[in-house]
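Here's a quick briefing to read alongside the model. Have the sequence and the 3D view open as you go.

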Amino acid sequence: MVTELLTVFEDETMQRPALFFKEFPFHHLPVVNKDVHLVGMLSSTDLAQISSGFSLFKMQDRAQYDDAIFQSTLVKDVMSKQIFSMHPHQTIAEAFEQFREGTYRAIPIVDGDQVVGLVTPLDIIEALLNS
């Protein structure tokens, strides 16, 4: 489980998430509201769907196009709102079952109202290898 998390706010533009996905080796960001409660998840795939991947612009214009899109699009308009979260006391087996169903690629861990971690299938593999 990753416990040092970057989160983004639902009302911010996609500029900071785009930078995070470019600069850091992860694919999911928990999205929080102004009270810092989990309200969604943003993935690098969500970002790719609004970027120049489907643009009609020439290659040299794509960076400008992406910047304009990221500046004018809010996280809450791109994020996944249907999320599944787990509590810190739940087991790896329970997380594994969710991943096996194929619905989620990352599960936020929530303690009370605060996001305290994020579990991915890689975390489960590492836990099995270390046991």
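Which side chain of opposite charge is nearest to Glu10, and how far away is it? The answer is Lys76, at 5.9 Å, and Glu10 is buried yet has no salt bridge. Keep in mind that this is a predicted model, where local features need pLDDT of at least 70, side-chain atom pairs count only at pLDDT 80 or more, and totals for chains, interfaces and linings use all residues. Numbering starts from 1 along each chain as its sequence is written, and side-chain values use heavy atoms, with hydrogens and water left out.

**Buried acids**
- Buried here means under 20% relative accessible area, exposed means over 50%, and partly exposed is in between (1.4 Å probe, protein chains only).
- A salt bridge needs a side-chain nitrogen of Lys or Arg within 4 Å of a carboxyl oxygen of Asp or Glu; for charge, Lys and Arg count as positive and Asp and Glu as negative, while His and the chain ends are not counted.
- Glu10 sits in the loop between β1 and α1 (15-23). Setting aside neighbours within four places in sequence, its contacts (heavy atoms within 4.5 Å) include Val31, Val39, Leu74 and Lys76.
- Asp123, in helix α5, is also buried without a salt bridge, and its nearest side chain of opposite charge, Arg105, is 13 Å away. Beyond its neighbours within four places in sequence, Asp123 touches Met1, Val2 and Leu118.

**Strands**
- Helices (H or I, at least four residues) and strands (E, at least two) are DSSP runs, numbered from the N terminus; two strands pair if DSSP finds at least two bridges between them.
- One open sheet has three strands in the order β1-β2-β3, with mixed pairing. Its edge strands, β1 (8-9) and β3 (38-43), each pair on one side only.
- β1 runs parallel to β2 (residues 28-32), joined by two bridges, and Val8 has Val31 in β2 as its bridge partner.
- β4 (residues 107-111) has four of its five residues buried. Five bridges tie β4 to the antiparallel β5 (residues 114-119), with Ile107 opposite Val119.
- The β4-β5 pair makes a hairpin with two residues in between, and Gly112 in the turn has a positive phi of about 70°.

**Surface patch**
- Leu122, Ile125 and Leu129 make up a nonpolar surface patch, with about 330 Å² of accessible area together.
- Patch residues have over 30% relative accessible area and no salt bridge; like charges are joined within 9 Å, nonpolar side chains (Val, Leu, Ile, Met, Phe, Trp, Tyr) within 5 Å. Areas come from the Shrake-Rupley method with a 1.4 Å probe, and for residues only the protein chains shown count as cover.
- Leu129 lies in helix α5 (residues 121-130) and is exposed, at 68% relative accessible area.
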